[in-house]
Amino acid sequence: ILHYNNIPVWEFFSRLNQSDEIKHQQIESFNKIMSDAFYDNDKKKVENLKPLIKESNLSEKDKQEELLLVKAWLELMKKNTTKPDIELRKKIKDKIFDIPNFNYNKISLFCNFMKFYDFNSNKIISKKIIEQNISSNSIKIQTAILAIIVNILAFSLKDGKENDTGYFIESGNKIKTRPELVFYKSAFYFFENLVDYSLTKNNASYNKCQNTKDFLANIGMSKYSKVLEQLLAKYN
């Protein structure tokens with residue numbers, strides 16, 4: 001039997017795989033807490049992750065990457081009137097750029113931190129991601145693509161670039177609705193119709209936005225539906 005460090009090779013690789021799985025679970029757990037806290041606008045919950053990450057069993061490199069993400073989420077949660085941390089935003093963009101392929105990790109990182117890019121950069125990167133992944137059957141990839149499209153539509157409304165959204169609306173409609181995608185398809189449907197209302201003043205589109213907002217409130221997405229309600233009020 002082959003041995004490595006006095007351990008049978010099969011046992012060594014088994015331990016290695018278990019170690020990798022534990023590391024993956026820890027990182028997934030930290031990232032989920034960050035994203036949930038962002039949804040709840042709970043800065044304290046994000047801040048409280050710092051000591052947990054430092055005391056975790058992650059490697060020093062992984063700890064530093066997770067702590068960087070904590071800073072990035074806190075940066076996203078800043079009020080628009082607060083001065084941005086340009087150096088931190090650049091670090092996050094460099095981190096995304098350094099991932100060689102548009103795998104799920106790169107796509108989800110980009111999706112979370114699109115706010116750090118200007119509208120044209122977001123359009124260019126988003127198109128590349130969509131072109132390479134629109135045919136994917138992975139629910140995780142489809143979720144990320146829909147989230148990216150929703151962000152693009154939201155940014156377009158904010159910047160008065162609604163006429164630049166045709167490709168993204170067409171791409172969003174190519175993704176079939178599945179039970180796991182109901183929230184993201186609903187958000188897409190809302191912004192698709194709000195863009196249309198912004199351009200055409202078609203009351204039917206505005207009513208579809210209202211109905212979608214109410215649907216999300218009724219299924220428990222109360223905080224998100226309130227954000228949509230505030231957005232709708234600007235067009236009333």
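What pLDDT does the protein average, and what share of the residues score at least 70? The structure shown above is a predicted model, and its average pLDDT is 88, with 91% of the residues scoring at least 70. Two stretches call for caution. Over residues 1-5 the pLDDT stays under 50, and the model has 8 contacts beyond four places in sequence for them. Residues 9-18 likewise have a pLDDT that stays under 50, with 6 such contacts. Where pLDDT is low, the predicted coordinates should not be read in detail.

With that caution stated, the overall architecture can be described. The protein contains 12 helices and 2 strands. Read from the N terminus, the order of the elements is β-β-α-α-α-α-α-α-α-α-α-α-α-α, so that the two strands precede the helices. Along its principal axes, the C-alpha trace spans about 75 × 40 × 35 Å.

The next topic is how the chain is packed. Of the 236 residues in the protein, 39% are buried. Among contacts between residues at least 6 apart in sequence, 59% join residues that are at least 24 apart. The accessible surface comes to about 14,100 Å², and carbon and sulfur atoms account for 50% of this area. As for charge, the protein has 37 positive and 29 negative charges, and the mean positions of these two groups are 3 Å apart.

A single helix can now serve as a detailed example. Helix H9 comprises residues 166-174, and its buried residues are Phe168, Ile169, Ser171 and Gly172. Why do these residues lie on the same side of H9? They cover an arc of only 160° around the axis, and this places them on the same side of the helix. The buried residues of H9 pack against three helices: H7 (119-133), H8 (139-159) and H10 (182-200).

One residue of helix H7 deserves separate attention, namely Lys123. Is Lys123 buried or exposed? Its relative accessibility is 17%, and because buried means under 20%, Lys123 counts as buried. Leaving aside neighbours within four places in sequence, Lys123 is in contact with Ile152, Asp164 and Phe168. Of these partners, Phe168 has already appeared among the buried residues of H9. The contact between Lys123 and Phe168 thus gives the reader a specific pair of residues to locate when examining how the buried residues of H9 pack against helix H7.

Technical notes
Residues are numbered from 1 along each chain as its sequence is written. This is a predicted model: local features need pLDDT of at least 70, side-chain atom pairs count only at pLDDT 80 or more; totals for chains, interfaces and linings use all residues. Side-chain values use heavy atoms; hydrogens and water are left out. pLDDT is the predictor's confidence in each residue, from 0 to 100. Contact means heavy atoms within 4.5 Å. Buried means under 20% relative accessible area, exposed over 50%, partly exposed in between (1.4 Å probe, protein chains only). Helices (H or I, at least four residues) and strands (E, at least two) are DSSP runs, numbered from the N terminus. The arc is that of the directions from the helix axis to the C-beta atoms. Accessible areas come from the Shrake-Rupley method with a 1.4 Å probe; for residues, only the protein chains shown count as cover. Lys and Arg count as positive and Asp and Glu as negative; His and the chain ends are not counted. The place of a charge is taken as NZ of Lys, CZ of Arg, CG of Asp or CD of Glu.
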